[in-house]
Amino acid sequence: MTQRRMMEELSWEDFNKLPLEERAPYFLQSSGRPYHCVIAQQFDREALDKLCDLATRIRKIAKSKIGMDFLSNLMRNKRAMLYFTQPSTRTFLSFFSACQILGFSPAEVRDPSISSEMKGETKEDTIRTFSSFFDLIIMRTPAQGFAEQMAWMLSKTDRPVPIINAGSGKDQHPTQALLDIYTLERSFEHRGGIDGKTVLFCGDLARGRTVRSLSGLLLQYKNVKQIFAAPDHLQIGQDILDRLTANGVEFKVTNDFKGQIKNADAVYMTRIQDEWDTNPGESSKGYKHEDYYFTGDDLKILSPKGIIMHPLPRRLEISTDCDDDPRAVYWRQERNGMWIRAALIATIFCRDQEITNYYMLNNR
Ligand code: NCD
């Protein structure tokens with residue numbers, strides 16, 4: 001296996017020092033399809049377009065019982081482990097549902113206190129154990145880079161199985177970025193797609209992994225401007241800004257969220273992630289909630305064709321009186337996660353062409 005040969009040449013420590021873009025090819029199959037899905041930088045524009053198209057086909061096929069029968073037969077011989085040791089509702093459920101749609105039998109470990117980790121087993125051995133029983137591992141952990149390291153480790157064993165990163169620490173959430181791209185694509189379908197749009201990110205940009213991954217995927221689109229609105233202590237990391245500069249992307253960093261709404265095609269709200277605070281209450285110091293809050297009044301300022309997104313869960317970032325506005329797409333965004341994750345898994349297991357063939361014959 002090429003991937004394994006490539007990995008044998010490098011230690012994890014050396015590999016981990018490489019820039020993300022140079023690490024990305026190691027997680028792909030020789031056909032260019034993802035094998036593991038651990039960092040957003042694995043996906044180029046062609047791969048994103050293919051995944052979005054496949055998600056739409058799966059979504060349409062799944063509307064009929066006969067279509068669901070076809071889909072749920074695809075992976076009936078495979079089992080998936082959902083290893084989520086950080087809180088999750090929608091990411092867990094959408095992966096669970098995506099697995100069911102494709103016919104996987106999903107199993108879960110969500111509480112490490114009832115696994116052998118409590119007997120002192122290392123996380124590495126736990127993952128290796130999963131690979132003895134399952135054909136796919138979907139994992140969410142508080143540890144930055146852990147999913148990537150486990151993908152690296154498993155690829156060198158005799159029983160490599162794909163790893164999908166469902167959120168790793170504060171650094172990456174690649175499948176959230178995929179569903180965000182799918183949502184942007186669908187929302188701007190009749191407005192020339194994502195190219196040329198302006199995305200305004202707001203909230204805890206320092207610790208929100210969804211923004212970090214989505215900012216990376218937006219580099220694949222032409223002339224997309226990125227605006228980061230947050231108080232200074234929660235502002236986006238310099239590494240992200242350096243990447244935008246290196247790619248010649250126009251961006252703006254500001255405290256003035258309200259003043260930027262009129263310039264945005266998509267407003268992407270995020271919550272304050274105070275679970276990462278070293279000292280309780282540290283993130284709310286000097287944080288004026290009303291400055292970073294999207295209200296019913298702001299609907300009047302947002303472009304009539306603009307959209308409001310949120311990875312959810314919501315706390316106090318968007319007032320509920322926005323929920324019925326057609327520009328509020330966060331509930332659709334959440335559901336899109338199920339379709340794009342099904343598309344990703346089908347692609348990893350090389351069933352994408354079969355789905356496309358079925359769609360061409362039955363759904364066009
Ligand atoms: C996000 C996450 O876990 O990073 N949630 C999600 O996956 N939809 C955002 C958050 O927790 O605020």
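## A walk from a loop to a ligand

Leaving out neighbours within four places in sequence, Gly296 is in contact with Ser319, Asp321 and Cys322. You'll find Gly296 in the loop that runs between strand E8 (266-269) and strand E9 (307-309). Keep in mind as you look around that this is a predicted model. From Gly296, try looking across to Asp69: the two are 227 residues apart in sequence, and their C-alpha atoms are 43 Å apart in space.

Asp69 is a handy stepping stone to our next stop, Ser72. The backbone oxygen of Asp69 lies 3.4 Å from a polar atom in the side chain of Ser72. Ser72 itself sits in helix H5. Is Ser72 buried or exposed? Its relative accessible area is 13%, and the cut-off for buried is under 20%, so Ser72 counts as buried. Setting aside residues up to four places away in sequence, Ser72 touches Gln100, Ile101, Leu102 and Gly103.

Helix H5 also turns up when we look at helix H14, which covers residues 352-362. Which residues of H14 are buried? They are Asp352, Ile355, Thr356, Tyr358 and Tyr359. If you look down the axis of H14, these buried residues fall within an arc of 160°, so they line one face of the helix. There's a handy rule for reading a pattern like this: an α-helix has 3.6 residues a turn, so residues three or four places apart point the same way. And what lies over the buried residues of H14? The cover includes helix H4 (45-61), helix H5 (65-74) and helix H13 (330-348).

Now hop over to Thr175, which has its place in helix H9 (residues 174-187). With a relative accessibility of 0%, Thr175 counts as buried. Its side chain makes a polar contact with the side chain of Arg341, at 3.0 Å. Arg341 has company: not counting residues up to four places away in sequence, Thr175 touches Cys37, Phe95, Ile164, Asn165, Ile340, Arg341 and Leu344.

Another buried residue is Ser131, at 3% relative accessibility. Look for Ser131 in helix H7 (residues 123-133). Apart from residues up to four places away in sequence, Ser131 touches Ile137, Leu154, Arg159 and Val161. Leu205 is 74 residues from Ser131 along the chain, and their C-alpha atoms are separated by 34 Å.

Let's finish at the ligand. Who surrounds the ligand? The shell is made of Arg90, Thr91, Arg140, His173, Gln176, Arg209, Thr210, Arg271, Gln273, Pro311, Leu312 and Pro313. Sorted by class, that's three nonpolar, five polar and four charged residues. Two helices, H6 (90-102) and H10 (209-218), each supply at least two residues of this shell.

Zoom in and you can pick out some individual atom pairs. A polar atom in the side chain of His173 lies 2.8 Å from an oxygen atom of the ligand. Thr91 has an N or O atom in its side chain 2.9 Å from a ligand oxygen. With Pro311, look at the backbone instead: one of its N or O atoms there lies 2.9 Å from a nitrogen atom of the ligand. How much of the ligand does the protein bury? Taken alone, the ligand exposes 320 Å², and the protein buries 94% of that.

Methods
Residues are numbered from 1 along each chain as its sequence is written. This is a predicted model: local features need pLDDT of at least 70, side-chain atom pairs count only at pLDDT 80 or more; totals for chains, interfaces and linings use all residues. Side-chain values use heavy atoms; hydrogens and water are left out. A residue is near a molecule or strand if one of its heavy atoms lies within 4 Å of it. A polar contact is a pair of N or O atoms within 3.5 Å; within protein, one must be able to donate a hydrogen and the other to accept it, and residues adjacent in sequence count only if both atoms are side-chain atoms. Accessible areas come from the Shrake-Rupley method with a 1.4 Å probe; for residues, only the protein chains shown count as cover. Helices (H or I, at least four residues) and strands (E, at least two) are DSSP runs, numbered from the N terminus. Ala, Val, Leu, Ile, Met, Phe, Trp, Tyr, Cys and Pro count as nonpolar, Asp, Glu, Lys and Arg as charged, and the others, Gly among them, as polar. Buried means under 20% relative accessible area, exposed over 50%, partly exposed in between (1.4 Å probe, protein chains only). The arc is that of the directions from the helix axis to the C-beta atoms. Contact means heavy atoms within 4.5 Å.
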